[in-house]
Amino acid sequence: MKMAFDQTVSDPDAVLLARYAGGDRHASAELVQRLTPRILGLARRLLQDGAEAEDVTQEAMLRLWRIAPDWDPGRARVSTWLYRVASNLCIDRQRRKKPAELAEDWEVADPTPDVTHVMQGRTRVAALEDALAHLPLRQRQAVVLRHLDGLANPEIAEIMGISVEAVESLSARGKRTLTTLLSGRKEELGFADD
């Protein structure tokens, strides 16, 4: 029991989930605010479809609300569990549909007022999204979780249900492929060697 208590203390999301399960609506709002952007970002990058990503995010959050009363803080961090659920939902959707092209209306919010920087940023994001689309799904998942969402390899391994070594291998192969795909576009993307 002590281990579960320590896990809850080290996981503020577990504390909020317990409060939600106890009827605290403010806790659910705070959890949504904390977790939804990360899950939506993951789903967008994996599915490359805004509407599908929103559906996955909503389904993942619904599953979190359903499990809240029975949550065992000793089994995983809330965010890790939610990433895994969302990843699995993305994989399921990806298997059911044909590859889709990047939506043309996809935009990245950039606070920089300089139009040149905004346009170059969009070009870079579009190039990265396009290159990510060429990766096998598992490599894309490892690269997104590690290099775009900043998760540690052990957490990614838990999310993906594979070993840390497999995460490292998928991530390394994905990065190599992305480097190859983007290497001919350095100048266009503003990364020309000085």
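The following conversation goes through the helices, contacts and burial of a predicted model.

Colleague: What makes up the protein in terms of helices and strands, and how many of each are there?

Modeller: The protein has 9 helices and 0 strands, so that, read along the sequence, its pattern is α-α-α-α-α-α-α-α-α. Of its 194 residues, 37% count as buried, and among the contacts with a separation of 6 or more, 64% are between residues 24 or more positions apart.

Colleague: Which residues of the largest nonpolar core touch the most other members, and which elements contribute to that core?

Modeller: The core holds 44 residues, of which L17, L64, L82 and L145 touch the most other members. Two or more residues come from each of α2 (12-21), α3 (25-47), α4 (50-67), α5 (78-96), α6 (115-133), α7 (137-148), α8 (153-160) and α9 (164-183), and α3 gives the most, with 9 residues. As for L145, leaving aside its neighbours within four places in sequence, this residue is in contact with L42, Y83, S87, G150, L151, I156, I159 and M160.

Colleague: Why are α2 and α3 called oblique to each other?

Modeller: Their axes come within 8 Å and cross at roughly 135 degrees. An angle counts as roughly antiparallel over 145 degrees and as roughly perpendicular from 65 to 115, and the value for this pair fits neither range, so α2 and α3 are oblique. The crossing in which α2 passes α3 is left-handed. On the α2 side the contact is made by P12, D13, L16, L17, R19 and Y20, and on the α3 side by A27, S28, E30, L31, R34, L35 and R38; by class these residues divide into 7 nonpolar, 1 polar and 5 charged.

Colleague: How do you know whether D13 of α2 is buried or exposed?

Modeller: The relative accessibility of D13 is 2%, and buried means under 20%, so D13, which lies in helix α2, counts as buried. Not counting residues up to four places away in sequence, D13 touches L31, R34, L35, R38, V78 and S79.

Colleague: What makes α5 and α7 roughly antiparallel?

Modeller: The axes of α5 and α7 come within 11 Å and cross at roughly 150 degrees. Since angles over 145 degrees count as roughly antiparallel, α5 is described as roughly antiparallel to α7. The crossing of this pair is right-handed, and the contact is made by Y83, S87, I91 and Q94 of α5 together with L137, R138, R140, Q141 and L145 of α7. By class, that contact has 4 nonpolar, 3 polar and 2 charged residues.

Colleague: Why are α8 and α9 called roughly perpendicular?

Modeller: Here the axes come within 8 Å and cross at roughly 100 degrees, and because the range from 65 to 115 degrees counts as roughly perpendicular, α8 and α9 are given that description. In α8, N153, P154, I156, A157 and M160 meet V164, V167, E168 and L170 of α9; the contact has 7 nonpolar, 1 polar and 1 charged residues.

Colleague: What makes α8 mostly covered?

Modeller: In α8, 6 of the 8 residues are buried, namely N153, E155, I156, A157, I159 and M160. These buried residues pack against α5, α7 and α9. The helix is followed by G161, whose phi is positive, near 70 degrees.

Colleague: What is the phi of Q48, and is this residue buried or exposed?

Modeller: Phi of Q48 is near 55 degrees, a positive value in a residue other than glycine. Most residues other than glycine have a negative phi. Q48 is found in the loop between α3 and α4, and its relative accessibility is 7%; buried means under 20%, so Q48 counts as buried.

Colleague: How do you know whether T180 is buried or exposed?

Modeller: T180, placed in helix α9, has a relative accessible area of 57%, and exposed means over 50%, so T180 is exposed. The C-alpha atoms of T180 and A131 are separated by 9.4 Å, although these residues are 49 residues apart along the chain.

How values were computed:
Residues numbered from 1 in each chain as written. Predicted model: local features only at pLDDT ≥ 70, side-chain atom pairs only at ≥ 80, totals over all residues. Heavy atoms only, no water. Core = buried A, V, L, I, M, F, W, Y, C linked by side-chain atoms within 4.5 Å. Buried < 20%, exposed > 50% of the residue type's maximum accessible area, 1.4 Å probe, protein only. Helix = DSSP H or I, 4+ residues; strand = E, 2+ residues; numbered from the N terminus. Contact = heavy atoms within 4.5 Å. Axes fitted to C-alpha atoms, helices over the stretch in contact; angles between N-to-C directions. Parallel < 35°, antiparallel > 145°, perpendicular 65-115°, else oblique. Left-handed = near helix turned anticlockwise from the far one by under 90°. Nonpolar A, V, L, I, M, F, W, Y, C, P; charged D, E, K, R; others polar.
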